[in-house]
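These are my notes from going through one model. I looked up the ligand sites, then a few residues and a helix.

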Amino acid sequence: MSHKSPKDFFAPLAVGAPAPLREIPARPSRAIHFFDPSNPKMVDKIPQMVGTVDVLLGNLEDAIKADNKVAAREGLVRIAQETPGLGGASGTTQLWTRINSLDSPWVLDDLTTLVPAIGDRLDVIMVPKVQGAEDIHYVDRLLAQLEAKAGLTRPILVHAILETARGVANVEEICGASPRMQGLSLGPADLAADRKMKTTRVGGGHPGYLVREDPRDGDVTGPRAIFQQDLWHYTIAKMVDACATHGIYPYYGPFGDIADVVAAEDQFRNAFLLGCVGTWSLHPKQIEIANRVFSPSVEDIRHARRVVAAMGDGTGAVMLDGKMEDDASLKQCLVLVELAEELAAIDPSLKALYDGIEL
Ligand SMILES: CC(=O)SCCNC(=O)CCNC(=O)[C@H](O)C(C)(C)COP(=O)(O)OP(=O)(O)OC[C@H]1O[C@@H](n2cnc3c(N)ncnc32)[C@H](O)[C@@H]1OP(=O)(O)O
Ligand SMILES: CC(=O)C(=O)O
Ligand SMILES: [Mg+2]
């Protein structure tokens, strides 16, 4: 757990730094869309993506060539300064970045460049390969010093990628390490390597990880159904519990098979059902999938609203469509109703869809 005493937990870590938030806002972040700020073709597309995706993330870490690290950092500064509606208190699309890892030769310059130049536009800084609370404490103090020096009035939030075995083992202390902690993402590629898992895929299942039906009538050579299992179920469930415990938000992560939109949708939906609020998008075509999957369906909202209406003061048990509903199932329904309200507030087409639901 954090080494701070309860009375110090919400105190700024540098004189003049903005006060930490007491609650992490539930801003919609169904897709965190990654782009390379040193890639001119991607950069060209950023202005028209504002308003179509909840989060644009300028990536500085893995997937950016070593020779392009400085260009990516400088490109991100330019994009943040020149793109209307991107990031900051009034942004319609949030601006996040993924900095280089804390042991890399680039990370110090990432932070000391970005915070003074675009700290007022950066909503969240994603920190890769977080191993324990000590990594968050380091970033926390440095950000406070840089925020104070830059005269920022809004604290920049921090998001950790869970992509080492030690990080997974320490997930609780990572979530509780700082009031800046906004959420966690699954990092299936680095995590697989660190754990010495034998999958070479970036996210998703594996045909070899399966459960096979028992032999039919004892015939071990006959046909038997197989069901592919989810390699990431344990980690995502652990991450969801840690995030819920600390009032922060869990996200799926990358799905690298860009062409396989069906499997991407399945992975995203499993994560949505387990409690994640969003996922990463690596390619423009994954944004629409994420937006759809992480927005509750009309059927779910109709059902949830009917339960809310039937439950009156919220206590007791009622029968609805042959099923028992009570105080607990009401709370399940309120999760969906509140999510629909948050999404309707930023997405006029969803507002029209949800407003038009007849009970
Ligand atoms: C394990 C991890 O750490 S995951 C996170 C790190 N990885 C990333 O961030 C990867 C981000 N995505 C990418 O680099 C690219 O999408 C790739 C390499 C996967 C595929 O790129 P391409 O082969 O160029 O894809 P494709 O040809 O389908 O692209 C179509 C168009 O969309 C553009 N595009 C592709 N990806 C993106 C993106 N993430 N954002 C904006 N535009 C994009 C391309 O530049 C291309 O533009 P054009 O029509 O003007 O030529
Ligand atoms: C997400 C990420 O960085 C990984 O899977 O390694
Ligand atoms: Mg990684």
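Entry 1, the metal. I started with the magnesium ion (ligand 3), which is coordinated by Glu-163 through OE and by Asp-190 through OD, at 2.0 to 2.1 Å. I then placed the two donors: Glu-163 is in the loop between strand E5 (157–162) and helix H5 (165–169), and Asp-190 is in helix H7 (residues 188–195), so the pair ties together parts that are 27 residues apart in sequence. I note that the model is predicted. Water is not among the atoms, so the site may look incomplete.

I also looked up the burial of both donors. Glu-163 has a relative accessible area of 4% and is buried. Asp-190 has 26% and is partly exposed; the cut-off for buried is under 20%.

Entry 2, ligand 2. Which residues are around ligand 2? I find Arg-98, Glu-163, Gly-187, Pro-188, Ala-189, Asp-190, Pro-254 and Trp-280. Both magnesium donors, Glu-163 and Asp-190, are thus in the list for ligand 2.

I went through backbone contacts to oxygen atoms of ligand 2. A backbone N or O atom of Ala-189 is 2.7 Å from one. For Asp-190 the distance from a backbone N or O atom is 2.9 Å, and for Gly-187 it is 3.4 Å. On its own, ligand 2 has 210 Å² of accessible area, and the protein covers 93% of it.

Entry 3, ligand 1. There are 16 residues around ligand 1, and I recorded those that come nearest: His-33, Phe-34, Lys-45, Leu-282 and His-283. A polar backbone atom of Phe-34 is 2.7 Å from a nitrogen atom of the ligand. Two lysine side chains have an N or O atom by an oxygen atom of ligand 1: Lys-45 at 2.7 Å and Lys-41 at 3.0 Å. The protein buries 60% of the 960 Å² that ligand 1 exposes when taken alone. I checked which elements give two or more residues to the shell around ligand 1, and they are E1 and H1.

Entry 4, helix H2. Does the length of H2 (residues 69–82) agree or disagree with the expected span? H2 has 14 residues, which at 1.5 Å a residue should span 20 Å, and the end C-alpha atoms are 20 Å apart, so the length agrees. I listed the buried residues of H2 as Lys-69, Ala-72, Arg-73, Gly-75, Leu-76, Val-77, Ile-79 and Ala-80. These buried residues pack against strand E1 (31–35), helix H1 (40–49), strand E2 (55–59), strand E3 (94–98) and H3. E1 and H1 thus appear both here and in the shell of ligand 1.

Entry 5, Asp-123. I found Asp-123 in the loop between helix H3 (107–118) and strand E4 (124–127). Its relative accessibility is 5%, so Asp-123 counts as buried. Beyond neighbours within four places in sequence, Asp-123 is in contact with Arg-27, Gly-87, Gly-88, Gln-94, Leu-95, Trp-96, Arg-154, Ile-156 and Leu-157.

Entry 6, Gly-132. Is Gly-132 buried or exposed? With a relative accessible area of 0%, Gly-132 is buried. I placed Gly-132 in the loop between E4 and helix H4 (133–150). Not counting residues up to four places away in sequence, Gly-132 touches Asn-170, Glu-173 and Ile-174. I also took a distance to Gly-205, 73 residues apart from Gly-132 along the chain: the two C-alpha atoms are separated by 27 Å.

Definitions and conventions
Residues are numbered from 1 along each chain as its sequence is written. Chains are lettered from A and ligands numbered from 1 in the order in which they are written. This is a predicted model: local features need pLDDT of at least 70, side-chain atom pairs count only at pLDDT 80 or more; totals for chains, interfaces and linings use all residues. Side-chain values use heavy atoms; hydrogens and water are left out. Donors are N, O and S atoms within 2.8 Å of the metal (3.2 Å for Na, K and Ca); water is not among the atoms, so sites may look incomplete. Buried means under 20% relative accessible area, exposed over 50%, partly exposed in between (1.4 Å probe, protein chains only). Contact means heavy atoms within 4.5 Å. The expected span of a helix is 1.5 Å times one less than its number of residues. A residue is near a molecule or strand if one of its heavy atoms lies within 4 Å of it. A polar contact is a pair of N or O atoms within 3.5 Å; within protein, one must be able to donate a hydrogen and the other to accept it, and residues adjacent in sequence count only if both atoms are side-chain atoms. Accessible areas come from the Shrake-Rupley method with a 1.4 Å probe; for residues, only the protein chains shown count as cover.
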